[in-house]
Amino acid sequence: MDRTPSIPRAALWMSGWLALMLIVAVAGREATREVNVFQLMCVRGVLGFVMLTPLIYMSGGFAIVKTARVQVHIARNLMHFCAQLGWFYALTLIPIGQVVAIEFTMPIWTAILAASFLGERMTVWKVIAIALGLVGVLVIVRPATGAINPGQLIALAAAVGFGVSVAIVKSLTRTEQTLAIIFWMLVVQSAASLGPALYVWTWPPLSTWGWLALIAFGGTFSHYCMARALLHADATVVIPMDFVRVPLTAFLGWLLYAERLDAFTVLGAALILTGNLLNLKPTAARPARAAT
């Protein structure tokens, strides 16, 4: 598998992640009107497995998903499962834009973990990109000074979980095939959600199955795009690119729900995009030491 460092390739794969995650956010909001989050996660896992199977066969069959790091896959996916449950549940409690904005504390946790445990170097440009991105999020959301909604706390806990999950994925990309990472995600999360889903099961309306299919497709192949991006760049480079999802979500809200785009949203989007442009700045090569 090509693991050549390339920020442009990482950015291209992240554009796929961004598009699919926007689809998941809208579909998730609509689907949770009719189904329990455990049921949503179970259906997502099963449908995602069906969608992924042809790609596995095209890549040589199920031998490609063999791994010597089963315990790491299980730990990563249980963490991601809990974070995803919290994310979908938060969608039922607070506005979609607020859920996505709070989620963007995730790069802080990812950057800290990647620097602490994976040996990634925190350059000045990476720090500035993260800082500008977070300021941009705050400008867009403009959090109220009143009491904190439980949905906000759940979204924040989910963001921490996502940060841990992404750091583990970066570790897995050093030894595992991308398809193996996605395969084990679907297996572990389907198994974890099966019991609770059966307990609360009610058959969704026919229209809801369309939303569930979109969630399964977007949820499966967005992670494929993320894993591919992490093959070509550090997590501290890849994850800040995801800040672009905040202004994109604001634009989607305006397009679909007639939510107003004000000057604060435009300013926040500009800060986020500036941070990402700085983050794409190539790192200067260290000069070789002279022979003595």
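Is Trp209 buried, exposed or partly exposed? Trp209 is partly exposed, with a relative accessible area of 26%. That value lies between the 20% limit for buried and the 50% limit for exposed, so the middle label applies. The model is predicted. This briefing covers aromatic rings, a surface patch, one threonine and two cysteines.

**Aromatic pairs**

- The structure holds ten aromatic pairs.
- A pair of aromatic rings is described by the distance of the centres and the angle of the planes.
- One of the pairs joins Trp87 and Phe88, with ring centres 5.2 Å apart.
- The planes of Trp87 and Phe88 meet at 75°, so this pair is edge-to-face. The cut-off for that label is over 60 degrees.
- Both Trp87 and Phe88 are buried.
- Trp203 and Trp209 form another aromatic pair, with 6.2 Å from centre to centre.
- The planes of Trp203 and Trp209 are 40° apart, and the pair is tilted.
- Trp203 has a relative accessible area of 67%, so Trp203 is exposed. Its partner Trp209 is partly exposed, at 26%.
- Ring pairs also link a cluster made of Phe49, Tyr57, Phe62, Phe183 and Trp184.

**A nonpolar patch on the surface**

- Trp109, Ile112, Leu156 and Val160 make a nonpolar surface patch of about 300 Å².
- Helices α5 (106-117) and α7 (150-172) are the elements that give two or more residues to this patch.
- Ile112 is found in helix α5.
- Ile112 has a relative accessibility of 47%, so Ile112 counts as partly exposed. A patch residue needs over 30%, and Ile112 passes that cut-off.

**Thr53 in helix α2**

- Thr53 sits in helix α2, which covers residues 37-58.
- Thr53 is buried because its relative accessible area is 17%, and the cut-off for buried is under 20%.
- The Thr53 side chain reaches the backbone oxygen of Phe49 at 2.7 Å.
- Phe49 also belongs to the ring cluster with Tyr57, Phe62, Phe183 and Trp184.

**Cysteines**

- A disulfide is a covalent bond between the sulfur atoms of two cysteines.
- How many disulfides does the structure hold? The count is zero.
- Cys82 has a relative accessible area of 53%, so Cys82 is exposed.
- Cys225 has a relative accessible area of 10%, so Cys225 is buried.

Conventions. Residues are numbered from 1 along each chain as its sequence is written. This is a predicted model: local features need pLDDT of at least 70, side-chain atom pairs count only at pLDDT 80 or more; totals for chains, interfaces and linings use all residues. Side-chain values use heavy atoms; hydrogens and water are left out. Helices (H or I, at least four residues) and strands (E, at least two) are DSSP runs, numbered from the N terminus. Buried means under 20% relative accessible area, exposed over 50%, partly exposed in between (1.4 Å probe, protein chains only). A polar contact is a pair of N or O atoms within 3.5 Å; within protein, one must be able to donate a hydrogen and the other to accept it, and residues adjacent in sequence count only if both atoms are side-chain atoms. Patches are made of residues with over 30% relative accessible area and no salt bridge: like charges are joined within 9 Å, nonpolar side chains (Val, Leu, Ile, Met, Phe, Trp, Tyr) within 5 Å. Accessible areas come from the Shrake-Rupley method with a 1.4 Å probe; for residues, only the protein chains shown count as cover. A salt bridge is a side-chain nitrogen of Lys or Arg within 4 Å of a carboxyl oxygen of Asp or Glu. Rings of Phe, Tyr and Trp (its six-membered ring) pair if their centres lie within 6.5 Å; planes under 30 degrees apart count as stacked, over 60 as edge-to-face and the rest as tilted. A disulfide is a pair of cysteine sulfur atoms within 2.5 Å.
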